[in-house]
Every structure is written in structure tokens, then in C-alpha cells.
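Trainee: I am new to this structure, and I would like a close look at its side chains. Could you walk me through the links they make and how covered the partners are?

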Amino acid sequence: MGALSIRKVKKSYGDTHILKGIDLEIENGQFLILVGPSGCGKSTLLNMIAGLDDITSGEIYIADRLVNNLSPKDRDIAMVFQSYALYPNMTVRRNIAFGLEIRKVPKIEQDEIINRVAKTLQMEHLLDRKPAQLSGGQRQRVAMGRALARNPALFLFDEPLSNLDAKLRVEMRTEIKLLHQRLGTTIVYVTHDQIEAMTLGERIAVMKEGEVRQFGTPQQLYDLPSDLYVAGFIGSPSMNFIPCVLGEADGVGVVTLNNGKDQLISLGQISDIQRPFVGKPVILGIRPEQLTDPASAHSDHPNMQILTAMVTITEPTGPDTLVTVNINGVKTVARCHPRAAGVPGQSVQLSLDPTKALLFDPVSEKRLA
Amino acid sequence: MADSYRQTTQAKLARMGIYAMLFLLALWFLAPLYVMLTTSFKSLDDIRSGNLLSLPQSFSLDAWKTAWDSACTGVECGGMKSYFGNSLKMMIPAVLISTLLGSLNGYVLSMWRFKGSDAFFMALLIGTFLPFQVVILPMAQVLGMLGLENSTGRLVLVHVIYGLQFTTLFFRNYYVTVPSDLVKAARIDGAGFFLFFFKILLPISIPTIMVCLIWQTTQIWNDFLFGVVFSSGDGQPITVALNNLVNTSTGVKQYNVDMAAAIIAALPTLLVYIVGGKFFVRGLTAGAVKG
Ligand SMILES: Nc1ncnc2c1ncn2[C@@H]1O[C@H](COP(=O)(O)OP(=O)(O)OP(=O)(O)O)[C@@H](O)[C@H]1O
Ligand SMILES: [Mg+2]
């Protein structure tokens with residue numbers, strides 16, 4: 001059964017088109033992440049799902065039911081806001097009970113629900129406090145409790161962790177993931193933090209300027225990004241984009257990488273989509289972890305390519321050191337073992353996994369598969 | 001060490017200078033009140049013989065009694081008491097209605113914007129700059145058309161209309177600082193327009209409500225012009241009665257009675273400031289510090 005289905009949804013304010021035709025579909029119990037830069041329309045889309053704002057055209061189904069004309073309270077959803085949006089004049093208990101009262105849930109049942117939720121989120125001791133007497137993390141917890149109390153078909157989270165400090169954010173992230181696994185709820189979660197997206201999501205929709213650039217599992221997005229934007233957005237440090245010219249030798253794609261001297265790198269069997277680009281400029285995309293010192297290269301691929309380059313700067317992160325080199329005139333980051341990182345000015349050998357290297361069309365920015 | 005010592009003495013001197021200045025200013029502003037109070041407790045002889053700043057020779061409440069229930073305001077000689085009642089009867093509903101409507105207006109203008117709501121708000125803002133005198137003639141015509149005869153009723157209506165722009169402004173400015181997520185959360189919880197307003201918004205508006213109550217109370221109680229124009233005879237508010245009392249000449253000018261009557265007329269607003277002053281300041285700065 002489809003938990004949420006968004007079909008050709010558009011939203012315009014006058015002549016400004018905020019959402020330009022969104023198609024998304026998730027199953028029951030799935031965790032969907034909407035991720036993208038500020039202003040790309042994530043909150044707008046979430047508000048449309050919640051029914052807080054009208055859509056200009058398209059259809060939204062929640063639990064296989066067309067909800068276009070239903071008010072927020074009839075859509076069987078609950079929402080957690082970035083600002084928490086707790087009612088300041090009410091205690092935590094009343095905050096949770098408010099929605100239940102309006103729905104005419106009997107008092108005894110209300111108390112049961114409140115106790116259950118408070119227990120799930122370990123906030124029994126907070127029930128009689130006002131929001132002003134809570135810390136940021138506790139408010140966050142209460143906001144989630146208020147959503148849980150309603151046991152809806154769909155949970156909507158709008159950047160719920162962005163007001164917390166870094167440590168608490170990681171804690172709450174784990175907690176949300178656990179909660180999701182335990183309760184099997186369907187969640188749509190908005191964030192602009194790609195790490196949050198990768199760690200939480202089962203499905204990720206990368207949005208930009210009111211469009212979904214790619215919709216898939218975290219691994220799909222990571223391994224096979226559909227375009228330069230997604231490739232650069234997912235992963236940290238982000239993928240290296242090296243301009244080069246595609247060549248062909250015996251059906252194998254080759255590119256020339258230059259750091260002082262030209263080095264021919266062969267990539268692998270050239271595909272039909274790539275072939276028309278032979279002799280033309282392309283962009284080689286390679287993630288830092290796929291460009292590493294030969295000893296750390298895990299791949300036993302027979303065609304592992306070796307490249308020599310001069311170190312310009314090293315940034316130790318602890319487990320590995322990020323080594324910046326200059327290739328074809330652009331800064332390129334490699335992730336090396338700290339002992340093999342070299343020092344600035346020194347030449348190091350880097351091995352490049354050709355099976356992981358991606359090619360992009362510099363004009364359309366699409367990946368050439 | 002010596003340096004910081006010099007600094008602190010300098011700071012202390014500056015502070016003392018400021019306090020001395022404030023003290024003098026306070027005296028300056030309190031002087032009229034002092035004169036009014038002492039004069040109201042003096043007998044007429046006392047007033048004639050002593051000077052303006054002297055204390056009463058014998059302490060007498062006669063002037064207050066006269067002012068309250070037997071001083072003449074024009075042809076009537078029933079003192080201020082019935083007019084005090086008139087003012088109360090006019091002020092209480094006018095203050096409550098204008099405050100409630102103002103908060104509703106502010107709610108709509110900040111959280112349920114509609115096409116043209118900004119223009120509407122601008123129009124209201126212009127209203128706050130209009131002096132009383134400009135409003136009088138059109139207001140009289142409207143009242144005439146409505147055929148409203150009762151003085152109190154007329155004044156309530158006039159004050160509600162004239163006060164709305166201020167109360168709307170106060171509430172609207174507070175409500176724009178309330179996060180819009182709050183309305184959204186309530187809508188998802190199933191709360192409609194009025195439920196959200198009464199259960200959530202009004203309870204968190206107490207400081208603004210206080211500002212409106214104080215503002216409107218002083219405006220309406222102290223109003224003279226609308227009172228003089230739109231009411232008549234025994235329906236007049238206390239400010240008009242005070243004017244009549246002071247201007248009624250029956251032989252000797254009774255300064256002590258005039259002063260007592262003036263204090264009676266000013267008492268409610270004084271009280272409101274003493275009781276509600278701290279709310280007033282707090283309400284004016286609310287929103288800026290809202291967490
Ligand atoms: N009522 C409105 N009228 C006109 N434009 C609007 C309106 N509401 C939002 N927008 C525009 O829609 C775009 C998307 O806004 P939205 O809030 O969905 O962004 P977002 O992806 O949630 O960004 P953020 O990460 O900053 O929250 C923005 O460019 C915003 O200016
Ligand atoms: Mg947003």
C-alpha cells in the first residue's frame with residue numbers, strides 16, 4: 001500500500017513557480033528525506049502534504065486517499081516544526097492533549113496516550129512544565145511526543161534538529177532512527193544537511209529550485225548521482241570534478257590527468273551514451289575516498305590506476321588525512337592514510353578506482369552512464 | 001589601581017548628577033499635584049490668607065464632599081458623582097469592546113492575511129494620525145443616521161471606533177512576532193480560527209492586553225472633546241462635568257472644590273498607572289524578548 005504519493009504537484013505564487021512538478025512515491029513504513037539548499041521548496045512541499053497551503057495543480061494521496069481537498073486535521077498526519085511550535089501557555093501535558101481533546105478522545109484514553117508517549121520519549125518528569133521551562137532538546141522531544149500521540153498515517157518533520165547544538169543533534173538523530181525502526185512509522189523528513197539525509201533516509205529526494213533532481217536510496221545517490229548537482233551535494237568532502245577530454249582506446253575510455261606531466265588514465269569499457277563525447281570535454285567525477293594512497297586502496301580491481309601528484313596542503317581528520325593536489329588546474333582532494341599523506345611540496349602516488357569514476361556532460365550536467 | 005579608582009569615583013559623581021537631575025525633574029512634575037492636593041484640603045479662608053505652596057492650617061474634607069455630591073455643574077447641583085458613574089458606564093464597555101475587536105483585527109492582519117490586508121492595515125495606521133477634530137463632523141452625521149439617542153451609547157460607539165486603530169496596531173505588532181508555525185501546529189491539531197484565538201493566542205497576549213486596557217482607559221476617561229460634542233445633559237462624562245463645575249460662577253470662586261473635583265476626575269487614570277504601569281512597560285517591550 002502506498003503511504004504517500006505525490007503526482008505532478010506544482011505550486012506558484014502569482015508568476016513565481018516554487019514547485020515545478022514533483023513526483024514522489026513511498027511505501028508504508030518508509031523514511032523519506034527531502035533535502036536541498038535553502039529556498040528550494042522543501043518546506044513548501046511539506047506544507048502542501050500537510051494541507052497548510054493549497055497546491056496549484058497535481059494530486060497528493062495519503063494512504064491511498066486523495067487529500068487535495070481535505071483540511072490538515074482530516075489528513076491523518078502529524079507535524080514536527082523547526083521552531084517546535086509548542087503552545088507557550090500550556091503545560092507539556094496539555095500540549096499533547098490539545099489535539100486529542102479537539103478530536104474528542106475520551107479523557108481516560110487521553111491519559112493513557114500521554115503516559116505511553118511520555119514513556120516512549122522518556123519525558124515523564126516534564127509533563128507538568130511549561131515550554132519556557134524546557135531546554136531546546138526537551139522542547140524537541142515534546143514536539144515529537146505531540147506528534148506521536150496522534151498515531152497518524154504519516155509524520156512530517158520540518159528540519160526538526162536544526163536548532164539543536166551539534167552533539168544533541170547527533171543524539172536526537174539516532175533517537176529518531178530508533179523510534180522509526182521500533183514504531184514502523186512512515187516519515188517525511190525535511191533537512192538541508194546531507195549527512196542527516198544519508199544517515200536517516202531510506203529514500204532521499206534531492207531538490208533544487210523546485211524540482212526533484214534525483215529520487216532514490218542513499219546508496220544510489222552516493223554511487224550513481226544523476227547529475228553534477230546531486231554528485232556535489234551528497235558526500236563530504238564532496239566529489240572532485242576534474243575537467244578533461246574523453247578519449248577512446250580499444251573500446252576503453254581514457255582521460256588525461258595532468259599534474260606537472262600528462263598521465264593517461266583508462267576508465268573502463270566505454271558506453272553507448274559516452275561514445276558521442278569522445279574527443280569532447282567531459283567532467284570526471286571522483287570521490288576523495290576513491291582517490292587514495294595505493295596501500296589503502298581496497299579494491300583488487302586489476303585496472304587500478306596510479307597517478308603521481310604534488311601535495312599542496314594536508315588536512316588531518318584523525319582516521320585519514322585529506323590531501324589536496326592540483327589536477328588539470330582544479331583543486332582535487334584525496335583521502336589518504338595519515339602515514340601516506342606526505343607533506344606539502346612532496347610528490348605522492350594516488351590510486352584511482354576506475355570502476356567508481358563517473359563522467360558528466362559539462363553542458364547538460366547529466367551523468368554519462 | 002589608582003586609575004580604576006579614579007574611574008569609579010568619576011562614575012559615581014556622574015551617577016549622582018543624574019540622580020540629582022531626576023529628583024529635580026520629579027519635583028517639578030509633582031508640584032502641580034502637590035498644589036492641587038493641599039488646596040483641596042484647605043478652607044476658603046485658608047486659601048485666601050496663605051500662599052500657594054503652604055500646607056493647610058486645618059485639614060478639612062468639606063471641599064471633597066461638596067465636589068462629590070453638591071457642587072453645581074451648570075444648573076444642576078448634584079456634584080460629580082453621577083458623572084463619575086456616567087464615565088464608568090461609558091468607559092468599561094468601550095475599553096473592553098475596543099480591546100477585544102483590536103485583538104481579533106490584529107490576529108487576522110498578522111496570521112490570516114488576505115488580498116489587500118496590508119493596504120487595510122495602512123489605512124488603519126493613517127487613522128491613528130487623525131486628530132479628534134477631523135473626525136467630529138462625519139461622526140456626528142453617522143450618529144445622526146443611526147438615530148442613536150442615548151449619550152452613553154453614542155460615546156461607547158465613538159470611542160470604540162476611534163480606539164480600534166490603536167488597539168489593532170498594538171495587537172498586530174505583537175502577533176507578527178508570534179511564530180506562524182504555532183498556527184500551523186494548531187491547524188493540524190484541528191483547532192479552527194476561534195479556538196486557536198481563544199485557547200492559545202489570547203492567553204499569551206496578556207502583556208499586550210494590559211497595554212490596550214491602560215491606553216484605552218486613559219484615552220477614553222480623559223476625553224473631553226467627544227464627550228462635549230456627542231453627549232448631553234445628565235449623560236455627560238466627568239470631564240465635561242468638571243469643565244462645567246469650574247466654569248459655573250455662583251459668587252466666590254471655590255478653588256478647593258475645583259481642585260477636589262479635578263483630582264476625582266483624574267483618580268481612575270492615576271490608579272490605572274500605579275496598578276498597571278509595570279505591565280504597560282513590559283507589554284510595550286514584549287515580543288522583543290519572546291523566546
Ligand atoms: N507566500 C509566499 N509567496 C511567495 N513566495 C514564497 C512564499 N512562501 C515561500 N515562498 C518562496 O518559496 C521558496 C521556497 O520556500 P521554502 O520555505 O519551501 O524553502 P525551503 O526549501 O524550506 O528553505 P529552507 O531550507 O530555508 O527552509 C522560497 O524562495 C520562498 O521565497
Ligand atoms: Mg524550510
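Mentor: Let's begin with vocabulary: helices (H or I, at least four residues) and strands (E, at least two) are DSSP runs, numbered from the N terminus. This is a predicted model, in which local features need pLDDT of at least 70 and side-chain atom pairs pLDDT 80 or more, while totals for chains, interfaces and linings use all residues; side-chain values use heavy atoms, without hydrogens or water. Residues are numbered from 1 along each chain as its sequence is written, and chains are lettered from A and ligands numbered from 1 in the order written.

A good place to practise is A:D23, which you will find in strand β2 of chain A, residues 16–27. With a relative accessible area of 43%, A:D23 is partly exposed (buried is under 20%, exposed over 50%, partly exposed in between; 1.4 Å probe, protein chains only).

Now for the pairs. Side chains of opposite charge can pair when their charged atoms come close. Across all chains there are 14 salt bridges (a side-chain nitrogen of Lys or Arg within 4 Å of a carboxyl oxygen of Asp or Glu).

Take A:K11 and A:D53: their side chains form a salt bridge, with 3.5 Å from N to O. A:K11 belongs to strand β1 (residues 2–13) of chain A, whereas A:D53 sits in the loop between α1 (42–50) and β4 (57–62) of chain A, so this pair ties together parts that are 42 residues apart in sequence. The two partners are covered as follows: A:K11 is buried, at 7% relative accessible area, and A:D53 is partly exposed, at 26%.

Next, look at helix α3 of chain A, residues 107–120, where A:K107 and A:D111 are both found, four residues apart, or about one turn of the helix. They form a salt bridge in which the closest N and O atoms are 3.4 Å apart. A:K107 is exposed, with 55% relative accessibility, while A:D111 is partly exposed, with 30%.

Another salt bridge connects A:D272 and A:R275, whose closest N and O atoms are 3.2 Å apart. Here A:D272 is exposed, at 63% relative accessibility, and A:R275 is partly exposed, at 37%. The story goes on from this pair: through salt bridges that share partners, A:D272 and A:R275 are joined with A:E248 into one network.

Finally, turn to the cysteines. A disulfide is a covalent bond between the sulfur atoms of two cysteines. The count over all chains comes to one disulfide (a pair of cysteine sulfur atoms within 2.5 Å). Its partners are B:C72 and B:C77, with a sulfur-to-sulfur distance of 1.7 Å. The torsion about their S-S bond is about 100 degrees, and therefore this disulfide is right-handed. B:C72 is partly exposed, with a relative accessible area of 22%, and B:C77 is also partly exposed, with 39%.

By contrast, A:C336 takes part in no disulfide, and the nearest cysteine sulfur, belonging to A:C244, is 20 Å away. A:C336 is buried, with 2% relative accessible area. A:C40 is buried too, with a relative accessible area of 2%.
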